[in-house]
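Reader: I would like a close look at a single part of this model, with the criteria behind each term stated as you go.

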Amino acid sequence: MAQINPSILSADFARLAEEAKAVEGADWLHVDVMDNHFVPNLTLGVPIVEALSKATDTPLDCHLMIEDADRWAPQYVEAGAGSVTFHAEAAAAPVRLAREIRAKGARASMALKPATPIEPYEDLLPELDMLLIMTVEPGFGGQSFLDIMLPKIRRTRDLISKHGLELWLQVDGGVSATTIERCAEAGADVFVAGSAVYGAEDPAGAVRALRAQAETATASAPWACGH
């Protein structure tokens, strides 16, 4: 089943509790954490995640675009995140970090920037619950989808199938009604959508519509037909 994770990067930060409620029915709430070092932008940190986790029943999917992920990622689990994504480019010991996140009770996920290939991380995939392929450069919302990421999504799906893993494949960046079907056909099953949801008149309705599009595309996708 396709999962839609609205990104609060496109929400009103002064009304986060209300914005979380506006997308009830979403699978996860995607929280972009930026430190102004790993990416040239600054958003929010552990205290806001902790407050948000108490304000919504929707589980939090924290995407850490920060340096020194090995040090900080476990604190987001303690703050209430149900899934914590660190960047491969920012983790000194990704296997140890993934195991620590899991041991603390959250799902462990690793993200790859557009220029980072998946192949060097093949042996690490069993240590993860989700892999995130960035379909824009991380750091800002509202960017256009990079079509050149579709082959990487397909190669990643092939590796997941090759090893028989129950690993979610998430895409983040430029996901909208015009791009989600291509992502689903290529192999993604978890979709981060920011402006496509929070820019809609009915955010909860946008979540339902995107999920329906993704599931229709998945039903006829070669990677899903063999399951």
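Reader: Between which two strands is the loop in which Asp129 lies?

Author: Asp129 lies in the loop that joins strand S5 (107-112) to strand S6 (130-134), where strands are DSSP runs of E with at least two residues, numbered from the N terminus. The model is predicted, so that local features need pLDDT of at least 70 and side-chain atom pairs count only at pLDDT 80 or more, while totals for chains, interfaces and linings use all residues. Residues are numbered from 1 along each chain as its sequence is written, and side-chain values use heavy atoms, with hydrogens and water left out.

Asp129 counts as buried because its relative accessible area is 16%, the cut-off being under 20% with a 1.4 Å probe and protein chains only. Setting aside residues up to four places away in sequence, Asp129 has contacts (heavy atoms within 4.5 Å) with Arg102, Ala106, Arg107 and Ala108, and also with Glu166, Leu167 and Trp168.

Leu167 and Trp168 appear again among the contacts of Leu131, which, leaving aside neighbours within four places in sequence, also touches Ser109, Met110, Leu112, Ile118, Leu125, Thr156, Leu169 and Gln170. Leu131 and Phe191 touch the most other members of the largest nonpolar core, which has 64 residues; such a core is a set of buried Ala, Val, Leu, Ile, Met, Phe, Trp, Tyr and Cys residues joined through side-chain atoms within 4.5 Å. Apart from this core lies another, of five residues, including Met34, Val39, Met65 and Ala90.

How values were computed. Buried < 20%, exposed > 50% of the residue type's maximum accessible area, 1.4 Å probe, protein only. Helix = DSSP H or I, 4+ residues; strand = E, 2+ residues; numbered from the N terminus.
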